[in-house]
Amino acid sequence: MPCRVRIVHHAAWLTAVVLARAACAGGQEGPGYADLSLEELANIEITSVSKQAEPLAAAPASVYIITADEIRRSGSRSLPEALRLAPNLQVARVRGGTYAISARGFNNAIGNKLLVLIDGRTVYTPLFSGVNWDTQFVMLEDVERIEVISGPGATLWGANAVNGVINVITRRAAQTSGWLAAGSVGNRDDALDLRYGAALGADGAVRVYATGLRREHTVQGNGLPQKDGWTSGQLGFRADWARGRDTFTVQGDRYRATSDDGPLGPVRNSGANLLARWSRALDQGGELRVQAYLDQVRRDDPLVLNDAVETADLELSHAFSPGAGHKILWGAGYRHAHDEVESHRTAFSPFVWVFVPARRALQWRNLFAQDEIALTPALSATLGLKAETNIYTGLEYLPSARLAWKTDAFGLVWGALSRAVRAPARLDREFQLFSEPPGRAPIPIIKGGPDFVSEVAQVAELGYRAQPSARLSWAVTGYYSDYDKLRSGQRPPAFVQNMMYGSTWGVEAWGSYQAAPDWRLGASLVTLHEDIKLRPGSLDPTGPSALGNDPRLQWSLRSSWNFLGSGTLDLALRHVGPLPKPAVPAYTALDLRLAWRLRRGLEVALSGQNLCGTAHREFGPADSGSVIPAAVAVQLVWTP
């Protein structure tokens, strides 16, 4: 059945459900909406914009909050799938566990302009400055919220926060006491989550958890199976204490994942991390915070290379008010990473990937300061600067200026000017590729980028956020980004260069409407225009398409309804426009979740993704790109 016809059928079905809901409302009092009200959402405190707690309604940035309730009601079983809930992100599934995720363009499987944090721990790899999404096994049941900022965040978060910041924040241990067991079985994946939380003395709490996921392989457009199925598992804990003005957190995770067998065996991922954070509340709303973490990641790919990274990170921040009208935040940080790459030479491929040197010690140092100035009761300015060093380009300056005007009790106009950089990674400077024909000397194809410098973005933003009534809220942002020194190459034997430049601009808009106490509607629209060019003298054979593949338009419609006191029904219709090169047709997908609380502490749910039309590609070429089919699963959640 064509997708448009299916949409009509689903719309008719939804209309019938709505009429049934209205009929039921006449005979009984409707239940309250399970999630936060729109007023509560506007006042939810976020930390990613200014590194200090502030209400969402006052944040001068394009920020969307994915709440715990949204995640639960979406039926998502992995972090990348949950990120589809943020309208200001482009999320495309490349293969079984591989995703391309970006904000405001430049989307590819090794996206390097988006900074991702999990409870304050940076998870991008220094190998290519991107995220291995197939190793981020967050237990979604424990997530409190995900703060998604589109636009630069470099002044506070540093290099790589060029086009956006994703900050995953889990619940405090005291919020997850007792047992939880959640399991799902489906035609595309199976998942199991277990967690137990308890008090820890008079002032603390602790939780331990285990999560596992089995994901089926995808198929190519020609029907041949991809060897991209995954089996993963993760164990972890979090402990929190609060005594007087002091709070202390210790948390850690250990994970392991294995792919389906390839020509030489499976790809294996493993890793562990340990984080400690202490903070003290000071007078007049100030705070002193120290955070440190250790992170170890290993990826073994028998067809390409093995990579092992060990990272140690330390950060200090201090917030205080020196006088009326000023809120100052300053801090410093140091990160050390040791990266070791082991290359493979196999009979299955004439190519050899190497990094020279194979072992590299990497260091980053930073010092930042920001002052939020109350110019009038309704007008404030935020000025910030970060100075950060790396071993490749030395000192980088990352300034920003933001202005926020509270027009009335319901609206906020804000604007921002920012400079951000994407510092070189090992892939830019030290990656080399050779061809080894039988009986012949190696032929160089890529010979690294010894002169590669930081990519630079200068961004202007203008936004408006409003809640004109208790039932309606919306936000719109327009932006213009000017890029220089973008990554490029040349014909073999190639060096990685900085010979591309250009601009992107677009609009991000979304809103929510509380149609009834138990029924909420949402909509979003995002446009993106790109004009990227090669500089004179460049011999790059691929051009701007090598930087990413992005839709010019995407939109979504959502409906969340509570019915009969124990049931919830969630529908999400999302559309992604065509990708230019390689060409990927536009697609429209319907996601659905129907859940019923059988009794207190026991819920059963039926969920489906990609229910509209036939299977579709989301990324990659037609001959080898994965086709994403419909997925249906049954989930049971037990909290005794």
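A residue is called buried here when its relative accessible area is under 20%. By that cut-off T155 is buried, because its relative accessibility comes to 6% in this predicted model. T155 sits in helix α5, which spans residues 154-157. Its side chain makes a polar contact with the side chain of S400, at 3.0 Å. Setting aside neighbours within four places in sequence, T155 is also in contact with residues well along the chain numbering, namely F368, G384, L385, K386, L398 and P399, with S400 again on the list.

Charged pairs offer a second view of the fold. The structure holds 37 salt bridges. One of them joins R104 to E508, with the closest N and O atoms 3.1 Å apart. R104 belongs to the loop between β5 (99-102) and β6 (114-118), while E508 belongs to strand β29 (residues 497-516), so this pair ties together parts that lie 404 residues apart in sequence. R104 counts as buried because its relative accessibility is 3%, and E508 likewise counts as buried, at 2%.

A further salt bridge connects R299 with D134, where the closest N and O atoms are 3.0 Å apart. Here too distant parts of the chain are linked: R299 is in strand β17 (residues 287-300) and D134 in the loop between β7 (121-122) and β8 (143-150), a separation of 165 residues. The two partners fall into separate classes of accessibility. R299 is partly exposed, at 23% relative accessibility, whereas D134 is buried, at 7%.

R145 and E147 form another salt bridge, their closest N and O atoms being 2.7 Å apart. Both R145 and E147 are buried. Elsewhere, K113, R422, D428, E455 and R487 are joined into one network by salt bridges that share partners.

Turning to the strands, β6, β7 and β8 return as members of an open sheet of five strands, ordered β3-β8-β9-β6-β7 and mixed in its pairing. The sheet is bounded by β3 (62-67) and β7, the edge strands, each of which pairs on one side only. Strands β6 and β7 run antiparallel and are joined by two bridges. I118 has R121, in β7, as its bridge partner.

Strand β37 (residues 631-638) is worth a closer look. In a regular strand, side chains alternate between the two faces of the sheet. The covered face of β37 carries A631, A633, Q635 and V637, and the uncovered face carries V632, V634, L636 and W638. Strand β37 pairs with β10 (residues 178-186) in the antiparallel sense, over six bridges; within this pairing, A182 has V637 of β37 as its bridge partner. Strand β34 (residues 602-609) also pairs with β37 in the antiparallel sense, over eight bridges. There, the bridge partner of S607 is A633 of β37. The two β37 residues named in these bridges, V637 and A633, both belong to the covered face.

Finally, the surface includes a nonpolar patch. W179, Y196, V208, F237, L274 and L294 make up this patch, and together they have about 570 Å² of accessible area. L294 is found in strand β17, the strand that also holds R299.

Key. Residues numbered from 1 in each chain as written. Predicted model: local features only at pLDDT ≥ 70, side-chain atom pairs only at ≥ 80, totals over all residues. Heavy atoms only, no water. Salt bridge = Lys/Arg side-chain N within 4 Å of Asp/Glu carboxyl O. Helix = DSSP H or I, 4+ residues; strand = E, 2+ residues; numbered from the N terminus. Buried < 20%, exposed > 50% of the residue type's maximum accessible area, 1.4 Å probe, protein only. Pairing = 2+ DSSP bridges. Polar contact = N/O pair within 3.5 Å; in protein donor to acceptor, adjacent residues only side chain to side chain. Contact = heavy atoms within 4.5 Å. Patch = residues over 30% accessible without salt bridge, like charges linked within 9 Å, V, L, I, M, F, W, Y side chains within 5 Å. Areas by Shrake-Rupley, 256 points an atom, 1.4 Å probe, with all protein chains shown as cover.
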